[in-house]
Amino acid sequence: MDKQSNLIQHFQTEGTVVSVAPLGAGHINDSFLVRTSETDKPDYLLQRINHHIFKDVELLQNNILHVTNHIRKKLIEKGEQDIDRKTLTIIPAKDGKLFYFDGENYWRVYLFIQKGKSYDAITPELAFSAGKAFGEFQSWLADIPEKIYETIPDFHNMEFRLEQFHDAIANNSAGRVGDSLKIIKEIESRAEEMTQVERMGREGKIPKRINHCDTKVNNVLFDEEGKVLCVVDLDTVMPGYVVSDFGDFIRTGANTGAEDDANLDNVSVNMDIYTSYAKGYLGTARSFLKPIEIELLPFGARLLTYMQTVRFFTDYLNGDTYYKIHFPEHNLQRTKAQLKLLTDLEDKADQMQEVIKEFRV
Ligand code: ADP
Ligand code: GN1
Ligand code: MG
């Protein structure tokens with residue numbers, strides 16, 4: 001029996017395991033589909049949790065339990081059917097814990113959602129549905145009674161990301177600062193503007209809500225007919241400003257190029273995707289958002305693209321210690337591609353604000 005089949009025995013699963021196969025190509029966790037032979041028993045998703053990134057696994061799993069239980073309650077209240085496919089379900093370990101530690105790695109198990117499909121390539125229709133789903137997700141979690149903690153402290157805090165950037169320049173541990181002055185200047189020139197959300201938060205102008213914090217289209221599961229089943233990948237669900245979630249979807253979903261495109265001419269914002277996402281998102285979120293939060297949405301796209309520029313570039317200056325790289329200057333190439341996207345978002349800022357005005361009521 002292989003390692004993963006052994007692991008599954010530590011959880012409160014049912015049925016006889018017949019296969020364990022890797023699933024997806026995640027950057028953070030490793031996933032395995034565990035099939036059972038009995039047709040009346042569920043299949044499972046076994047995941048290795050990246051505890052170097054999510055350092056407090058108990059806190060992480062408790063967060064996810066509270067979030068999924070709360071969503072389940074909302075689904076029951078709405079009279080929904082097929083609820084086990086509309087939210088994640090944690091299967092506890094045999095000792096009652098929400099994870100299993102094998103002496104080296106942390107593991108967790110979810111019910112496998114049958115016939116759920118996630119997409120890496122985007123269309124305006126998918127963007128609209130994903131917008132609705134992430135807006136609904138935030139609205140459901142608005143009244144969660146349990147405290148939801150930051151699973152990665154200061155994850156989307158721009159002031160903190162700039163501190164890390166300044167530390168990387170001061171340490172110059174990879175000796176890359178000398179050749180990077182142009183990009184450093186590009187980043188510094190926007191720092192004041194980009195930290196405004198943190199200041200507005202402190203001044204009480206915008207609230208923290210429960211965010212997903214990894215709003216990529218492949219974190220939404222669709223059924224065979226293209227209808228949303230649920231939002232997955234709940235590790236980074238934590239308090240934050242809604243501009244973050246909106247912005248990260250636009251950064252990842254509305255880029256006509258790749259996140260690390262070597263050809264900067266490929267990189268720009270796709271306004272059809274942007275418009276569809278904004279329409280879907282505001283459809284489910286406008287009822288609980290303050291006018292100022294709605295107005296800041298296009299800025300959110302710039303902020304998250306700037307934040308990712310800073311994060312990739314900081315990692316480059318540190319000698320590539322956080323993101324997996326596929327060639328030596330990968331983080332520099334990612335930085336340049338994100339910076340190009342940022343300049344296009346800046347050029348289209350007025351147009352993006354017009355779209356928001358159209359859907360705000
Ligand atoms: P990663 O951190 O690698 O992005 P995810 O939790 O997003 O990990 O899982 C990877 C993929 O596995 C998702 O994009 C989704 O397609 C699929 N997936 C995740 N959870 C489930 C589940 N409970 N049932 C079925 N498929 C799932
Ligand atoms: C990481 O694994 P992935 O690609 O979903 C990162 C995100 C970044 C993204 C950049 C926990 O997410 O914040 O935006 O890479 N997740 C973490 O591609 O750092
Ligand atoms: Mg994912």
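User: Before we begin, buried means under 20% relative accessible area, exposed over 50%, and partly exposed in between, with a 1.4 Å probe and protein chains only. Is Lys348 buried or exposed?

Analyst: This is a predicted model, in which local features need pLDDT of at least 70, side-chain atom pairs count only at pLDDT 80 or more, and totals for chains, interfaces and linings use all residues. Residues are numbered from 1 along each chain as its sequence is written, and side-chain values use heavy atoms, with hydrogens and water left out. Because its relative accessibility is 19%, Lys348 counts as buried.

User: Which residues is Lys348 in contact with, leaving aside its neighbours within four places in sequence?

Analyst: A polar atom of the Lys348 side chain lies 3.4 Å from the backbone oxygen of Val269. Taking contact as heavy atoms within 4.5 Å, and leaving aside neighbours within four places in sequence, the partners of Lys348 are Ser268, Val269 and Met271.

User: Where does ligand 2 lie with respect to domain 1 and domain 2?

Analyst: The domain bounds, 3–111 for domain 1 and 124–359 for domain 2, come from an automatic or database domain assignment. Both domains give residues to the shell around ligand 2, so ligand 2 lies between them.

User: How far is an oxygen atom of ligand 2 from an N or O atom in the side chain of Lys216?

Analyst: An oxygen atom of ligand 2 is 3.0 Å from an N or O atom in the side chain of Asp214, and for the side chain of Glu259 the corresponding value is 2.8 Å. For the side chain of Lys216, the distance from a ligand 2 oxygen to an N or O atom is 2.5 Å.

Methods: Chains are lettered from A and ligands numbered from 1 in the order in which they are written. A polar contact is a pair of N or O atoms within 3.5 Å; within protein, one must be able to donate a hydrogen and the other to accept it, and residues adjacent in sequence count only if both atoms are side-chain atoms.
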